[in-house]
2 protein chains.
Amino acid sequence: MLLQVLDSTLRKLKAQTANICTMVNLSLGCAALLFTLQDEFKLALIFIFLAALSDRFDGMLARKLGIESELGRQLDSLCDLVSFGVAPALLIYQTVLYDYSVPGAFFTILYIACGAFRLARFNVTESNGYFQGVPITVAGCLLTLSYFLAGTVSTNVFLVLLIALSFLMVSSVKLKKM
Amino acid sequence: MLLQVLDSTLRKLKAQTANICTMVNLSLGCAALLFTLQDEFKLALIFIFLAALSDRFDGMLARKLGIESELGRQLDSLCDLVSFGVAPALLIYQTVLYDYSVPGAFFTILYIACGAFRLARFNVTESNGYFQGVPITVAGCLLTLSYFLAGTVSTNVFLVLLIALSFLMVSSVKLKKM
């Protein structure tokens, strides 16, 4: 009886492993947002990269354990928008663009909107071994890395980077899946 | 020739009207986030409610114009997570819970995670005229309204509200669609 309960619990846990990993990704992205609110920018940066690591694992895990699900795919996109769309955009806005008035806000919002469109398009497109447009994970990591340029280059560089990443996400550029 | 181009452009614009409305919802939610970062809490609150208004319209518009699409549905969920998950949670965190250390951060993240799960489950469930769990739009508006209680009630009330809304979103409570 006890073994049966244990076996059923382990089976359920296995089925949810990838989703738990996705939720860890989201939690790390949310923690990055809270650190940005508290002006703890280096911690925010570290948590975005931890979210990227966790994001790398959940898909691999789901495929390896044969537990890929439609719920998991939906959850993954929602979490990616927070961890690699909203979190990096707010980090760069708060460290560099906050005194850039309307253009700073406009291009920050544009980046998040293009990220959302990229994820929605991905969810309704048949997989064929290629990504259409740069994935939001890559764009988010590049935007987060640009934090290290703060104070050394003109603010315009960040605006150009935001525009370029927004365009690359919604473009039809084809990239081979790794 | 000119009429043909005009007709085709108008047709494309009609097809995208609901998606443009969804993007307006997302932009208003993102603007609310930027206002929260700048400690402009009242403006953040107004923009979350404007996002809710816009959210009410896009679905109605899509149904009325007969232009419902899978891309539109995906986009809608992604935008809802930002405007009614992340934006209200960060507003309440920054105005009330910021000095509540780990529990404040934990329950803020829990609320966003439950919102993401609610949206993912909604996307993979067949529609039957009922909502399963309180919609994130309702939860987000209630959480935003609680801003008016800041300073008049104990911080614990906000924690209880976050836990209750998180639970109600992922619960199996059935609500008739309006």
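Student: Where do A:Glu70 and A:Arg73 lie, and how many residues apart are they?
Tutor: Both lie in helix 3 of chain A, residues 70-97, and they are 3 residues apart, about one turn of the helix. Helices here are DSSP runs of H or I with at least four residues, strands are runs of E with at least two, and both are numbered from the N terminus. This is a predicted model, in which local features need pLDDT of at least 70 and side-chain atom pairs count only at pLDDT 80 or more, while totals for chains, interfaces and linings use all residues. Residues are numbered from 1 along each chain as its sequence is written, chains are lettered from A and ligands numbered from 1 in the order in which they are written, and side-chain values use heavy atoms, with hydrogens and water left out.

Student: What do A:Glu70 and A:Arg73 form?
Tutor: A:Glu70 forms a salt bridge with A:Arg73, and their closest N and O atoms are 3.3 Å apart. The term stands for a side-chain nitrogen of Lys or Arg within 4 Å of a carboxyl oxygen of Asp or Glu.

Student: Is A:Glu70 buried or exposed?
Tutor: A:Glu70 is partly exposed, with a relative accessible area of 39%. A:Arg73 is also partly exposed, at 40%. Buried means under 20% relative accessible area, exposed means over 50%, and partly exposed is in between (1.4 Å probe, protein chains only).

Student: How many salt bridges are there over all chains?
Tutor: The structure holds 2. One of them joins B:Glu70 and B:Arg73, with the closest N and O atoms 3.3 Å apart. These residues of chain B both lie in its helix 3, 3 residues apart. B:Glu70 counts as partly exposed at 40% relative accessibility, and B:Arg73 counts as partly exposed at 41%.

Student: And how many salt bridges between chain B and chain A?
Tutor: The count there is 0. The rule does find 4 residue pairs in polar contact across that interface, both residues being at pLDDT 80 or more. A polar contact is a pair of N or O atoms within 3.5 Å; within protein, one must be able to donate a hydrogen and the other to accept it, and residues adjacent in sequence count only if both atoms are side-chain atoms.

Student: Which helix gives the largest share of chain B's side?
Tutor: Helix 3 of chain B does, with 12 residues.

Student: How much area do the two chains bury between them?
Tutor: About 3,000 Å², 84% of it on carbon and sulfur atoms. On the chain B side, B:Leu34, B:Leu37 and B:Leu78 lose the most area to chain A, together 22% of what that side buries. Buried area is the accessible area (1.4 Å probe) that two parts lose on being put together, summed over both.

Student: How many residues are in contact?
Tutor: 35 residues of chain B are in contact with 35 residues of chain A, where contact means heavy atoms within 4.5 Å. The copies meet through the same surface, because 100% of the interface residues of chain B are also interface residues in chain A.

Student: New topic. What order do the elements of chain A run in?
Tutor: From the N terminus on, α-α-α-α-β-α-α-β. That chain has 6 helices and 2 strands. Its C-alpha atoms fill a box of roughly 65 × 40 × 25 Å, taken along the principal axes.

Student: What share of chain A counts as buried?
Tutor: Of its 178 residues, 48%.
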